[in-house]
Amino acid sequence: MSTPARRRLMRDFKRLQQDPPAGVSAAPTENNIMIWNAVIFGPHDTPFEDGTFKLTLEFTEEYPNKPPTVKFVSKMFHPNVYADGGICLDILQNRWSPTYDVAAILTSIQSLLDEPNPNSPANSLAAQLYQENRREYEKRVAAIVEQSWLNFQDEDEGEDMKKDT
């Protein structure tokens, strides 16, 4: 069944493949165009540099008129990311526009990593440290960046094991 949402998602995917933005990638899951897996690489010259963060995007049939639900799967320590991975970002809530596509969503989240909005915190501890103790904040971020590598290695090894069996 080809609905407007599914056609739009196919266009978004094609555009991502033809003109991929720097530092982000995404693709629909194997058997459902409405659920995507994405990766955001931590921006250079930020505490998140060298991090590899996984996300999921879940679209409804109302896309692009309604934003997807976007969550970090990777552990995240950031003023605008909830404990469950949910993201407090204006374009995913009250400032959504049907002109945004998957690439725009991911690049906005990537920008948010380096430019948090501590006045609208989803994680009050991260927001407090960001404003009052930047060194401790960056230490916590460095820990999740390191953890993001380990999680990727674990999954790669898991994939290798599947191939071997």
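Let's start with a word we'll need: a residue counts as buried when its relative accessible area is under 20%, as exposed when that figure is over 50%, and as partly exposed in between, using a 1.4 Å probe and protein chains only. By that yardstick, buried residues make up 43% of the 165 residues in the protein chain.

Before going further, a note on what you're looking at. This is a predicted model, in which local features need pLDDT of at least 70 and side-chain atom pairs count only at pLDDT 80 or more, while totals for chains, interfaces and linings use all residues. Residues are numbered from 1 along each chain as its sequence is written, and side-chain values use heavy atoms, with hydrogens and water left out.

Now for the overall layout. The chain has 4 helices and 4 strands, where helices (H or I, at least four residues) and strands (E, at least two) are DSSP runs numbered from the N terminus. Walk along from that end and the order is α-β-β-β-β-α-α-α. The C-alpha trace spans about 50 × 50 × 25 Å along its principal axes. A compact globule with 165 residues would have a radius of gyration near 15 Å, and the chain's 17 Å agrees with that; the radius is taken over C-alpha atoms, and the globule rule is 2.2 Å times the number of residues to the power 0.38.

How does the chain fold back on itself? Contact here means heavy atoms within 4.5 Å. Of the contacts with a separation of 6 or more, 54% are between residues 24 or more positions apart.

The UniProt record, an unreviewed entry, marks residues 4-150 as "domain: UBC core". UniProt positions are given in the numbering used here, feature names are shortened, and annotations may be inferred rather than shown by experiment. That span is 37% helix and 18% strand, and its end C-alpha atoms lie 39 Å apart. Leu 150, where the annotated span stops, sits in helix α4 (residues 134-164). Leu 150 counts as partly exposed because its relative accessibility is 45%. Compare its place with that of Ile 35: the two are 115 residues apart in sequence and 24 Å apart in space, C-alpha to C-alpha.

The same unreviewed UniProt entry puts the label "active site" on Cys 88. Look for Cys 88 in the loop between β4 (69-72) and α2 (102-114). Is Cys 88 buried or exposed? Its relative accessibility is 14%, so Cys 88 counts as buried. Leaving aside neighbours within four places in sequence, Cys 88 is in contact with Asn 80, Tyr 82, Gln 93, Leu 112, Ser 120 and Ala 122.

A few loop residues deserve a look for their backbone. Between β3 (52-58) and β4 there is a loop that holds Pro 64, and the peptide bond from Tyr 63 to Pro 64 is cis, with omega near 5°. The loop between β2 (32-41) and β3 contains Asp 45, whose phi is near 55°, a positive value in a residue other than glycine. Asp 45 is exposed, since its relative accessible area is 75%. Asp 50 is also found in the loop between β2 and β3, and its phi, near 75°, is positive in a residue other than glycine too.
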